[in-house]
Amino acid sequence: MLYQRSSALFSEAQQYIPGGVNSPVRAFKSVGGVPLFMKEAKGAYLTDADGRQYIDYINSWGPAIVGHTHPTVLEAVQKQAEKGFSFGTPTELETEIAKLIIENVPNIDQIRMVSSGTEACMSAVRLARGFTGRDKIIKFEGCYHGHSDAFLIKAGSGAATFGNPNSPGVTQGTAKDTLLARYNDIAQVKDIFSKFGAEIAAVIVEPIAGNMGCVLPENDFLKELRKICDEYSSLLIFDEVMTGFRLSFGGAQEALGIEADLVTYGKVIGGGMPVGAFAGRQEIMNCLAPKGAVYQAGTLSGNPLAMRAGLTTLQLIRGDDSFYNRINQTTETLDIEVSKLLATKGIEHTINRKGSMMSIFFGINKVSNFDDAARADHTAFNHFFHYLLERGIYLPPSGFETWFISDAVKGEEVSKTLEAIEKWEYKKD
Ligand SMILES: *Cc1c(COP(=O)(O)O)cnc(C)c1O
């Protein structure tokens, strides 16, 4: 059996950890089968508990953008560790990383570090509410902003825009302040604003969506959001937890030329350590404690090991003029060549891609929102996933997730991937 050790570890883990995992998607519920327990990661490859190697197209869901355990990052973290793991005081390092980011990202004057993307988005919404003095937010179906209560909201029936809790434990009281809209549906957003405009603190959006698979904004969607937020004096929050430092150093703001009022970060910013951040212009960030009245704090925020991993990763990217060209080119090759192979086989599909983010949807030729993504043939994806996994290629374990290509993935890995896909036969079983 291919995954013998992982199987045994998963059985044991389920005894001590709810569902055997510390974050649900890792349990492979969507694709079925046993989740692989990894024990090592280097460059483009993961090694599982059975000693099998995989070309990694997830890269810890984005952070390992320079490849796993990059020698420069490793050395920097080792040196930092010798100086202490955590001080609970300010450090020079925190200013250094803040400065690097602010000098190279459009439209932000100040940044606050936290320990996860969830914290970043939760705090950005609180800040937006504090700044505007309003309660409601708009979010889009299929966009994920972490697991804080305000975001675990699904569209209700009937009047589609009123949110309902999407998880037991989220109160109706919380749900009533989150309004739901379809991604890429600006008419619906306008309609919501015409009814609730004066109560809307912020619109939060993934500028390139990555949590319903990769879905791109269409028809000036983001530009229109910018306009309508300005019209109603609501804040536009770009959740750049995935796109920040990935689409370009300045994230989607730079890549798409649209400026948000608040931006949230995570994933790449920590270079594999638990880091998130939120940032914005002076006037808004001034409202944050201890300067302002909007409270937000964190015992391990700005942790020196995490800051060192993040800073070194960002410096590697910043110091390499062809970095984004390279990862984008690799991803474009994958996109084009995989699509050709599938077309030759007569398999209906669509590939959405922006920069080094991409997803394949089977059985559908256009995916612009969550409903489209849900209509795709996920049985086919699951078959594709397991077929490639058996051949040492590790895709995200769900058709609703995005592939994140790292700089360690080179021609050799791409060729191996294409060779495997060329031999794939989709049999409904
Ligand atoms: C991953 C993600 C989050 C949540 O970040 P965590 O670090 O998992 O809490 C928020 N927003 C987006 C867009 C994400 O992709």
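**Values set against their cut-offs**

Me: What makes the meeting of the side chains of Asp185 and Arg182 a polar contact?

Reply: In this predicted model, the side chains of Asp185 and Arg182 are joined at 2.8 Å, and since a polar contact requires a pair of N or O atoms within 3.5 Å, that distance satisfies the cut-off and the pair is counted.

Me: Where does Asp185 lie, and why is Asp185 called buried, exposed or partly exposed?

Reply: Asp185 is placed in the loop between β8 (178–181) and α6 (186–196). Its relative accessible area is 18%, and because buried means under 20%, Asp185 is classed as buried.

Me: What can be said of Asn184, and how do you know whether Asn184 is buried or exposed?

Reply: Asn184 also belongs to the loop between β8 and α6, and with a relative accessible area of 18%, set against the limit of under 20% for a buried residue, Asn184 is therefore buried. Its phi is near 70 degrees, which is a positive value in a residue other than glycine. Such a value deserves a remark because most residues other than glycine have a negative phi.

Me: Why is Asp230 classed as it is, buried, exposed or partly exposed?

Reply: Asp230 sits in helix α7 (residues 221–232) and has 48% relative accessibility. Buried would require under 20% and exposed over 50%, with partly exposed in between, so Asp230 is partly exposed. The side chain of Asp230 is also in polar contact with that of Arg226, at 2.7 Å, a distance that is within the 3.5 Å cut-off.

Me: How many aromatic pairs are found in the whole structure, and why is the pair of Phe28 and Phe385 given its geometric name?

Reply: The search of the whole structure returns 16 aromatic pairs. For Phe28 and Phe385, the ring centres are 5.2 Å apart, and the planes meet at 85 degrees; centres within 6.5 Å make a pair, and planes over 60 degrees apart count as edge-to-face, so this pair is edge-to-face. The pair links distant parts of the chain, with Phe28 in the loop between α1 (4–16) and β1 (38–42) and Phe385 in helix α13 (residues 378–390), 357 residues apart.

Me: How do you know whether Phe28 and Phe385 are buried or exposed?

Reply: Phe28 has 2% relative accessibility and Phe385 has a relative accessible area of 0%. Because buried means under 20%, Phe28 counts as buried, and Phe385 is buried as well.

Me: What geometry describes the pair of Phe384 and Trp424?

Reply: The centres of Phe384 and Trp424 are 4.8 Å apart with 65 degrees between the planes, and since edge-to-face needs an angle over 60 degrees, the pair is edge-to-face. Phe384 is in helix α13 and Trp424 in the segment after α14 (411–422), 40 residues apart, so named as a link between distant parts of the chain. Both Phe384 and Trp424 are buried, and together with Phe362 and Tyr426 they form one aromatic cluster.

Me: What makes Arg391 a charge over the ring of Tyr387?

Reply: The charged end of Arg391 is 3.7 Å from the centre of the Tyr387 ring, and the distance part of the definition asks for CZ of Arg within 6 Å. Arg318 likewise lies over the face of Phe249, at 5.2 Å from the ring centre, which is within that 6 Å limit.

Me: Which atoms of the protein lie close to the nitrogen and oxygen atoms of the ligand?

Reply: An N or O atom in the side chain of Asp239 is 2.6 Å from a nitrogen atom of the ligand, and an N or O atom in the side chain of Lys267 is 2.6 Å from a ligand oxygen atom. Taken alone, the ligand exposes 380 Å², of which the protein buries 82%.

Me: How does the shell around the ligand divide by residue class?

Reply: The shell divides into three nonpolar, six polar and three charged residues. Its members include Tyr144, Val241, Glu206, Asp239, Lys267 and Gly117; Gly counts as polar and Tyr as nonpolar.

Me: What kind of peptide bond joins Ala289 and Pro290?

Reply: The bond is cis, with omega at about 10 degrees, and Pro290 lies in the loop between α9 (282–285) and α10 (304–318). Most peptide bonds are trans.

Technical notes: Residues are numbered from 1 along each chain as its sequence is written. This is a predicted model: local features need pLDDT of at least 70, side-chain atom pairs count only at pLDDT 80 or more; totals for chains, interfaces and linings use all residues. Side-chain values use heavy atoms; hydrogens and water are left out. A residue is near a molecule or strand if one of its heavy atoms lies within 4 Å of it. A polar contact is a pair of N or O atoms within 3.5 Å; within protein, one must be able to donate a hydrogen and the other to accept it, and residues adjacent in sequence count only if both atoms are side-chain atoms. Accessible areas come from the Shrake-Rupley method with a 1.4 Å probe; for residues, only the protein chains shown count as cover. Rings of Phe, Tyr and Trp (its six-membered ring) pair if their centres lie within 6.5 Å; planes under 30 degrees apart count as stacked, over 60 as edge-to-face and the rest as tilted. Helices (H or I, at least four residues) and strands (E, at least two) are DSSP runs, numbered from the N terminus. Buried means under 20% relative accessible area, exposed over 50%, partly exposed in between (1.4 Å probe, protein chains only). A charge sits over a ring if NZ of Lys or CZ of Arg is within 6 Å of the ring centre and within 35 degrees of the ring normal.
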